[in-house]
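Reader: I'm in my first year, and I'd love a close look at one single part of this protein. Please pick a spot, tell me what surrounds it, and then show me how it fits into the rest.

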Amino acid sequence: MSDLVMLLIGLGIILMSAEVFTNGVEWLGKHLHLGAGAVGSVLAAVGTALPETMVPIIAFLGMGGKENTAEVGIGAILGAPFMLVTLAFFVSGAAALIFRRNNKPLFINTAVIKRDLSFFLWVYGLAILASFLPTRELKLAVAALLPLLYIIYVIKTVRNSLGTEDHGHLAPLYFAQRKSDPSLIIILIQLVFALLGMVAGARAFVDAVQSVAQVTGISALVLSLIITPVATELPEKFNSVIWLKRGKDTLALGNITGAMVFQSSTIPALGIALTTWQLEPSALWSAVLALGSGLFIYTILRRRGMLCPLHLMMGGGFYLLFIITLLRLNFL
């Protein structure tokens with residue numbers, strides 16, 4: 001029981017810290033005069049992706065030769081983009097359908113979303129391909145290439161976004177509630193505070209997942225593939241739902257697709273560099289489904305030049321297929 005309590009406490013710390021971080025990131029975007037594309041796909045995406053990012057980082061750095069700890073890290077790495085491209089898309093599509101009561105096309109910047117999806121398919125595919133490479137040297141080459149590709153993505157996104165800012169209403173900065181224009185220093189202090197909170201929460205969460213895996217007999221990889229991303233992707237889902245309600249569709253989807261690019265490039269690079277990166281069948285299956293869901297949305301966007309809520313909700317089918325497969329493998 002104490003392990004479950006610690007797991008919930010760890011998640012609570014992560015999510016509260018993520019909310020504070022996201023609030024600060026939005027104000028940072030305003031100070032830097034960035035448009036919705038860069039704020040959604042880079043600043044907000046990285047900010048809300050940090051909770052699940054901290055889990056594999058803490059797991060790997062504190063690994064100490066424990067195999068199940070490595071499984072927690074790898075499961076979190078692969079589970080994050082999988083949940084984003086399946087469950088987060090489904091939740092966003094359902095929210096848009098409920099708020100607008102129709103299946104009309106979303107008001108998105110198609111160039112921004114197509115760029116994000118294209119980068120995701122390439123970098124995530126490359127990260128998964130690395131698990132089949134025969135030598136350690138080739139895997140390390142991929143680990144070095146992935147962050148470079150993400151830097152290229154950020155440069156292209158920011159360059160195309162400069163001078164197009166339109167942030168609308170921003171909630172007050174948590175560390176300066178009464179100031180309508182908080183200073184950059186206060187914003188950065190809030191960001192650092194939130195980051196430290198996420199590190200502490202991730203440490204508690206990793207320890208709890210290992211203990212629960214030992215007690216229940218369920219693989220730590222399976223638990224981290226399901227539990228970690230579902231809970232820690234809540235910032236992306238929550239922010240996207242709010243933005244969809246306000247008609248800020250590019251921010252809503254960009255928050256998800258930008259996090260997908262970040263989670264499928266920089267974090268897998270860490271896993272490739274610090275582990276043997278030999279993926280189990282269930283991990284590979286989650287990657288195949290993630291790429292399939294992403295390719296489906298990308299194809300719709302390219303052929304029709306628009307996305308409707310029901311298109312996004314198709315991601316739920318990929319997620320359901322994965323859960324059914326895991327249940328059959330572990331309980332039948």
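Author: Here is a walk around one side chain and its neighbours, followed by the wider setting.

A word on the ground rules before we start: this is a predicted model, in which local features need pLDDT of at least 70 and side-chain atom pairs count only at pLDDT 80 or more, while totals for chains, interfaces and linings use all residues. Residues are numbered from 1 along each chain as its sequence is written, and side-chain values use heavy atoms, with hydrogens and water left out.

Let's settle on Gln 190, which sits in helix α6. Helices here are DSSP runs of H or I with at least four residues, strands are runs of E with at least two, and both are numbered from the N terminus. Gln 190 counts as buried because its relative accessibility is 0%. Buried means under 20% relative accessible area, exposed means over 50%, and partly exposed is in between (1.4 Å probe, protein chains only).

What does Gln 190 touch? Leaving out residues up to four places away in sequence, its partners are Val 20, Asn 23, Gly 24, Leu 173, Tyr 174 and Phe 175. A contact means heavy atoms within 4.5 Å. Two of these partners also face the side chain of Gln 190 with backbone atoms. A polar atom of that side chain lies 2.8 Å from the backbone oxygen of Val 20, and a polar atom of the side chain lies 3.3 Å from the backbone nitrogen of Tyr 174. A polar contact is a pair of N or O atoms within 3.5 Å; within protein, one must be able to donate a hydrogen and the other to accept it, and residues adjacent in sequence count only if both atoms are side-chain atoms.

Now step across to Val 20, in helix α1 (residues 2-31). Val 20 counts as buried, at 18% relative accessibility. Apart from neighbours within four places in sequence, Val 20 is in contact with Tyr 174, Phe 175, Gln 190 and Ala 194. Val 20 and Ala 194 are 174 residues apart along the chain, yet 5.9 Å separates their C-alpha atoms.

Phe 175 appears in both contact lists, and its place is the loop between α5 (136-161) and α6 (184-216). Unlike the buried Gln 190, Phe 175 is partly exposed because its relative accessible area is 37%. Together with Tyr 174, Ile 185, Ile 189 and Phe 193, Phe 175 forms a nonpolar patch on the surface, with about 510 Å² of accessible area in total. Patches gather residues with over 30% relative accessible area and no salt bridge; like charges are joined within 9 Å and nonpolar side chains (Val, Leu, Ile, Met, Phe, Trp, Tyr) within 5 Å. The areas come from the Shrake-Rupley method with a 1.4 Å probe, and for residues only the protein chains shown count as cover.

A second buried polar residue makes a nice companion. Ser 240 is in helix α8 (residues 234-245) and is buried at 0% relative accessibility. A polar atom of the Ser 240 side chain lies 2.8 Å from the backbone oxygen of Ala 252.

Charged side chains can bring separate stretches together too. Arg 100 and Asp 249 meet in a salt bridge, 2.5 Å from N to O. The pair links distant parts of the chain, with Arg 100 in helix α3 (residues 67-100) and Asp 249 in helix α9 (residues 249-263), 149 residues apart. A salt bridge is a side-chain nitrogen of Lys or Arg within 4 Å of a carboxyl oxygen of Asp or Glu. Asp 249 is buried at 0% relative accessibility, whereas Arg 100 is partly exposed at 21%.

Finally, zoom out to the whole chain. The protein chain has 13 helices and zero strands. Of its 332 residues, buried ones make up 55%. Among contacts between residues at least 6 apart in sequence, 84% join residues at least 24 apart, and the link between Val 20 and Gln 190 that we started from is one of the chain's contacts. On the outside, the chain exposes about 14,300 Å², with carbon and sulfur atoms supplying 69% of it.
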